[in-house]
Amino acid sequence: MVACGAAIVSRGQALEPRFYSNAPVGLNFALGGYVLSSGDVAVDPAVQLDDASIDIHAPFVAYARSLGLFGRSAKFDVAVPYTFLDGSARDANGEMVTRTVDGFADPSFRFSYNFIGAPALTLAEFKDYRQNFVMGASMKVTAPFGQYDSSKLVNIGTHRWSFTPELGMSKCIGRVLLEVSGAVTLYTDNDAFAGQTKEQAPMYSLQGHLVYVFRKKMWVALGATRYSGGRSTVGGVEKGDMQQNTRLGATLGIPVSRRNSIKLYGSSGVETRTGSDFNTYGAAWQYRWGGGL
């Protein structure tokens, strides 16, 4: 129901299978998890860093609730990550710099609405539901509440808002789900970027998933995401940091009981233009309640 990760590396790069799947109305979801990202992590492509080696450990908590709206299913979720960052890289002068820091990263809020093929159903009604084709849309907002120090090159927070509208589709064929979604992320300006104002062009992303659901509701997904754009302008000077990157990943969902489940996932960069050659691994525990469960 909710896909979470280290906010510092998930800006347009997250793989989220089954995000537009239907769910009974009135259910609540509480999640806790941990994400590790390691390698040439693009903490901010506008910062010129070479030979970067950065480890990001990000425990997180999240909450979601499924809703009914105009007879269709919807949901709201919020995620709050905490980040431990440790790394080194060469700056624009060729000098090796290091930073170790921890703090809250930018929280995210998202609302999604399935307007085709996903009726709002109670838990009792949902037992007879069989997915065919689902189409939905979502809006994700990331707030600039994370830790930020304008005197540092590498930060946990971003000191700006971002808005990500997305359109997604899911088609069920037997036990297989075919999913595709497209999004664009829009950014406000960061007016405290090393004493200057940083602007960033929109980031466009496209992702797809092949999901197989086993008989006891365990599922596995293979996915890919492609994202491009996001060129920065700092102090009125355009930077050469436009991104054109591709990532591949896999996710395993394991039901534990009626109320509990586990999700394991990982992804890796397979084509990189700007500082995104890193690996990410994560695990999350999900607890469900309400809605007659």
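**Close-up views of the predicted model**

**View A. Phe 70 lies in the loop that runs between S2 and S3.** Please keep in mind, here and in the views that follow, that this is a predicted model. The backbone of Phe 70 deserves a glance, with a phi near 55°, a positive value in a residue other than glycine. Most residues other than glycine have a negative phi. Phe 70 counts as exposed, because its relative accessibility is 74%.

**View B. Arg 18 has a positive phi too, near 65°, and is likewise a residue other than glycine.** To find Arg 18, look in the segment before strand S1, which covers residues 28–40. Is its side chain buried, exposed or partly exposed? With a relative accessibility of 26%, Arg 18 counts as partly exposed.

**View C. Here is the whole chain, for orientation before moving further in.** One helix and 17 strands make up its secondary-structure elements. Of the 293 residues in the chain, 47% count as buried. Among contacts with a separation of 6 or more, 66% are between residues 24 or more positions apart. The chain exposes about 13,500 Å², and 58% of this area is supplied by carbon and sulfur atoms.

**View D. Nine residues make up the largest nonpolar core.** Its members are Ala 52, Ile 54, Ile 56, Leu 85, Ala 89, Val 101, Ala 105, Val 154 and Ile 156. At least two of these residues come from strand S2 (50–69), and at least two from strand S3 (72–90). Which strand gives the most to this core? That is S2, with three residues. For a single member seen in its surroundings, take Ala 52: setting aside neighbours within four places in sequence, Ala 52 is in contact with Gly 39, Asp 40, Ser 88 and Ala 89. One of these partners, Ala 89, is itself a member of the core.

**View E. Arg 110 and Glu 16 form a salt bridge, with the closest N and O atoms 2.9 Å apart.** The two partners come from distant parts of the chain: Arg 110 belongs to strand S5 (residues 108–116), Glu 16 to the segment before S1, and 94 residues separate them. Are these two residues buried or exposed? Arg 110 counts as buried because its relative accessibility is 6%. Glu 16 is buried as well, with a relative accessible area of 13%. Side chains of opposite charge can pair when their charged atoms come close.

**View F. Arg 110 also meets Asp 77 in a salt bridge, at 3.6 Å from N to O.** Asp 77 is in strand S3 and Arg 110 in strand S5, so this pair ties together parts that are 33 residues apart in sequence. At a relative accessibility of 2%, Asp 77 counts as buried. Through shared partners, the salt bridges join Glu 16, Asp 77 and Arg 110 into one network. The structure has a count of two salt bridges.

**View G. Trp 161 and Phe 163 form a stacked pair, as their ring centres are 6.4 Å apart and their planes meet at 10°.** A search of the whole structure finds nine aromatic pairs. Trp 161 counts as partly exposed, with 35% relative accessibility. Phe 163 counts as partly exposed too, at 32%.

**View H. Tyr 212 and Phe 214 pair edge-to-face.** Their centres are 5.0 Å apart, with 75° between the planes. How exposed are the two partners? Tyr 212, at 35% relative accessibility, counts as partly exposed. Phe 214, at 32%, counts as partly exposed as well.

**View I. Three aromatic residues form one cluster.** The members to look for are Tyr 63, Tyr 287 and Trp 289.

**View J. Two charged side chains are shown here with the rings beneath them.** The charged end of Lys 75 sits over the ring of Phe 19, at 4.1 Å from the ring centre. In the other example, the charged end of Arg 247 sits over the ring of Phe 278, at 4.0 Å from its centre.

How values were computed:
Residues are numbered from 1 along each chain as its sequence is written. This is a predicted model: local features need pLDDT of at least 70, side-chain atom pairs count only at pLDDT 80 or more; totals for chains, interfaces and linings use all residues. Side-chain values use heavy atoms; hydrogens and water are left out. A nonpolar core is a set of buried Ala, Val, Leu, Ile, Met, Phe, Trp, Tyr and Cys residues joined through side-chain atoms within 4.5 Å. Buried means under 20% relative accessible area, exposed over 50%, partly exposed in between (1.4 Å probe, protein chains only). Helices (H or I, at least four residues) and strands (E, at least two) are DSSP runs, numbered from the N terminus. Contact means heavy atoms within 4.5 Å. Accessible areas come from the Shrake-Rupley method with a 1.4 Å probe; for residues, only the protein chains shown count as cover. Rings of Phe, Tyr and Trp (its six-membered ring) pair if their centres lie within 6.5 Å; planes under 30 degrees apart count as stacked, over 60 as edge-to-face and the rest as tilted. A charge sits over a ring if NZ of Lys or CZ of Arg is within 6 Å of the ring centre and within 35 degrees of the ring normal. A salt bridge is a side-chain nitrogen of Lys or Arg within 4 Å of a carboxyl oxygen of Asp or Glu.
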